[in-house]
Amino acid sequence: MDSFDFRDMERRWSPFWERMNLYATGQDPDSPNFYCLDYFPYPSGAGLSVGHCRNYIPTDVISRKKRMAGVNVLHPMGWDAFGQPAEEYAIKTGIHPAEVTRTNTDTYRRQMKLFEAGYDWSREIDSSSPDYYRWTQFFFLLLFDRGLAYQSDGFQMYCPACRIVLSNEEAAGGVCWRCSGSVTRKRLPQWYFRITDYAQRLLDDLSGLDWPEGIKAMQRNWIGRSEGAEVVFPVALPGGDTLNMPVYTTRIDTIFGATFCVMAPEHPDLQAVTTPEKRAEVSSYLKLVAARSDTDRQADTGRDKTGVFTGSHALNPFTGEKIPLWVADYVLGGYGTAAIMAVPGHDQRDHDFAKRFSLPILEVIAPEGVPRGVDEAATEADGILINSGAFSGLSSDSARHVMAEHAREKGFGHPEVRFRIRDWLVSRQRYWGAPIPIIHCAKCGPVPDRNLPVLLPDVDGFQPDESGLSPLARSTGWMKTTCPKCGGPGERETSTMAGFACSSWYFLRFASPGEKDRPFDPEEVKKWLPVDMYVGGAEHAVMHLIYARFFTKVMYDAGMVDFTEPFTCLKNQGMLLSYDHQKMSKSKGNVVTPDEVVEKYGADALRLYILFMGPFEAELEWSEEGISGTYRFVKRIWKLFQHPLEPAEPNPALQKEIRYNLAKTVRKVTEDIDSFQFNTAVAALMEFINFMASHRESAGSAAAEWDAARKDVLVLLAPMAPFIAEELWHRLGYPGETIHRAQWPVLKEDDLTQDTVEIAIQVMGKLRGRMTVPSGADNGTIEALALSNPRIAEILAGAKPRRVIVVPGSLVNIIP
RNA sequence: GCCGGAGUGGCGGAACGGCAUACGCGGUGGACUCAAAAUCCAUUGUCCGCAAGGGCAUGAGGGUUCAAAUCCCUCCUCCGGUACCA
């Protein structure tokens, strides 16, 4: 018996498969196509941990199984290579980010090959290469030409630790997505993509996607559609003029209870409405607000509200009453119209504010028709309108329609749908990104530079400085150019694009990665896209996934693709915690690498453990004992397959049992892999191997069945443990160059029928016995057999059962 | 607060109306060994019992059903997301 040596197998088969080009993209025109994609990884200096394997091993298993089922598979890998860490490292060490990136991608690729993640490496892409980023720039211009890219000067989210501006998605919760540090605001001119134009479509199309509910819910929440009304409140200005101040409300039904209005500190008309007497007080309040970070301002919703009276009054167009206009930072500058009507009786935030500053509180909604008083707290529930003039008696729901229409007729408002999502800030004052292909001309304004790629120049240092300008601004030779439109002097835009721009179209590039004259070949894209199976972590619920959906819809509108959603089916792998119950991190020193695991237990054991340890989506913990279990499993298979077949008298019962168990296993493993239940697929294989091991001495009495079982079980095992499957396939002399091109076993339904079945006997729902009956037995026979069972007869003690329920093939329940 | 997801042996988990605890880990006893590792065999929810057998167990409490971990209602805990969005 040969001893088990996984290193020997890995040394032999890895190069063998590479030589035969096993993972090449399928090209059979008669077969269906399947595009299986992993999230575009950023190649960090830390390399891969076993946590990443929870992404890459399952997609590899799916791809292998599809290939064996005769499907053309596209399963590519590439690098989201632009980004801050490489640049930070470059700043520290002076090594060019391109070189850092090359080192890191080499490591990633090597590690992926270590556990035999089977990618078509001939399609590898790198978003930091000019061959790629010229097309990222092309898409920038596509958006620019369609009026979807614009420059604007406003307050941005800014991470002081990373020294970089952030999009709203990247600054969710007032926290930087990369460093988790708190975010401040900075006023800088920036480039935006008009994703808000697509808000409704981004929302509507979610419903048709086979994505985790949680991710869809997060996107709906982020898009944040609300239906309400805009109402104009005229404000008498100190100089005698009138300013029309629109406010947005979802509760126009409460407008008779509006006792004051509030502007956000950022409101553009704040200075105009501030009376001379209040000027000093308002400006010192603005200073106070500016000194507070956004996190302070937003995180603690329970803190005492602050604000200052502007001295002006607004006219409630429904009541004709003049109500004071305040400025307060609980009203946000970036949402709605940056001004609100405050209804303290029916909005708790307004209630808090009114209490603090002794403003009047009115009750205008009676929930379930009964006023309940609003002195202590606001009643936010819907109800019947009271104290609301002609509208009294209406329900909140109908009042919202009636009153918004009323406002429209009278010309002081209209129904309005608003979204929470903001435009996507894409420019970054950083070196290591795709340059924005725009030339600024004093005469023509921003002009597209269509001479792509606009190459990243070499610069002396990559360090961003406090000027808020990109390091590219220091490369004056590069920056100074001529305007493509008028030929006059022009200056290049020195911002680069956020990495999320690169990853918003990469899935298209994989269809035809070598295209020279266009971002992709439409024929190839038609063949492969949308992505059939997209797998990655849940952290990109809003960010990458919403940006990529937006890009796809823009391309659809431009007639470049014929689908509106890029990812048909999405799955999120669960996080893998380390053995100390904490997230793996370099600083905690608890990172487990695939390198050390493969060295000790081999790639097959690692792959099986990652699949077996628990449900694909669940958060799980790495365990050294756990992997020793799958390592033992691999060795058990090895031993079983070394066992010689001793000739013996045929045993039909055993033959049948083997066929039955094999068919059961084929069905279970096939279904479980297809539905991402890898843990139970491995368990089913373990059970079958255990079954075979317990019958190995008598295998000769069912030689044909035994051999068929060995062959099929190897094929079932092949996607999950490719090395041992290949090794044993060759040793046993099964046909074909490789097991990985063997036919996936076909389920033999007939083998699943058995002569007899075991039936559980319950009395009053409690298990009291078992019996074996012919599998075709009808309900009457089963009932009679159950009642005549001695143990059951004893329990019933001669009593005639009131009712008997028979579940064919499973159980019988007797109610005495 | 709101939105998602989850609570099952000592542990990871399986079963998602029909025999709870598959599979694995760990534990215990044994075989092999001078010994250990590796391997193999047996056993392993809990309580009562010598045993046969029985009682109790899927976060808590109700309900539907012949039958509930699974469906419905109320509540608790944990994880993730989000939060002054008018």
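A residue counts as exposed over 50% relative accessible area, as buried under 20%, and as partly exposed in between. This cut-off serves the whole tour, which runs through a predicted model.

**Stop 1: Lys 526 and Asp 562**

Select Lys 526, in helix 16 (residues 522-528). Its relative accessibility is 52%, so Lys 526 counts as exposed. Now add Asp 562, which lies in the loop between helix 17 (544-557) and strand 25. Lys 526 and Asp 562 form a salt bridge, with the closest N and O atoms 3.7 Å apart. The two residues are 36 apart along the chain, and the pair links distant parts of it.

**Stop 2: a salt-bridge network**

Next select Arg 251, Asp 253, Asp 382, Asp 397 and Arg 400 together. Salt bridges with shared partners join these residues into one network. Over the whole structure, a search finds 46 salt bridges.

**Stop 3: Glu 124 and Arg 109**

Move to Glu 124, in the loop between helix 4 (97-114) and strand 4 (125-126). The partner to select is Arg 109, within helix 4. The closest N and O atoms of this salt bridge are 2.7 Å apart. The pair, 15 residues apart, links distant parts of the chain. How do the two ends stand in accessibility, buried or partly exposed? Glu 124 has 26% relative accessibility and is therefore partly exposed, whereas Arg 109, at 19%, is buried.

**Stop 4: Lys 278 and Glu 281**

Select Lys 278 and Glu 281, whose side chains meet in a salt bridge with an N to O distance of 3.4 Å. Lys 278 is partly exposed, with 21% relative accessibility. Glu 281 also counts as partly exposed, at 39%.

**Stop 5: the four-stranded sheet**

Finally, switch to a cartoon view and select strands 1, 2, 24 and 25. They make up an open sheet in the order 2-1-24-25, with parallel pairing. Which strands lie at the edges? Strand 2 (72-74) and strand 25 (570-572) do, because each pairs on one side only. From one strand to the next, the twist averages 20°.

Strands of a sheet pair through backbone hydrogen bonds, and the pairing may be parallel or antiparallel. To look at one pairing here, zoom in on strand 1 (residues 33-38) and strand 2, which run parallel and are joined by three bridges. Label Asn 33 and then Asn 72 in strand 2: the two residues stand opposite each other.

How values were computed: Residues numbered from 1 in each chain as written. Chains lettered and ligands numbered in written order. Predicted model: local features only at pLDDT ≥ 70, side-chain atom pairs only at ≥ 80, totals over all residues. Heavy atoms only, no water. Axes fitted to C-alpha atoms, helices over the stretch in contact; angles between N-to-C directions. Salt bridge = Lys/Arg side-chain N within 4 Å of Asp/Glu carboxyl O. Buried < 20%, exposed > 50% of the residue type's maximum accessible area, 1.4 Å probe, protein only.
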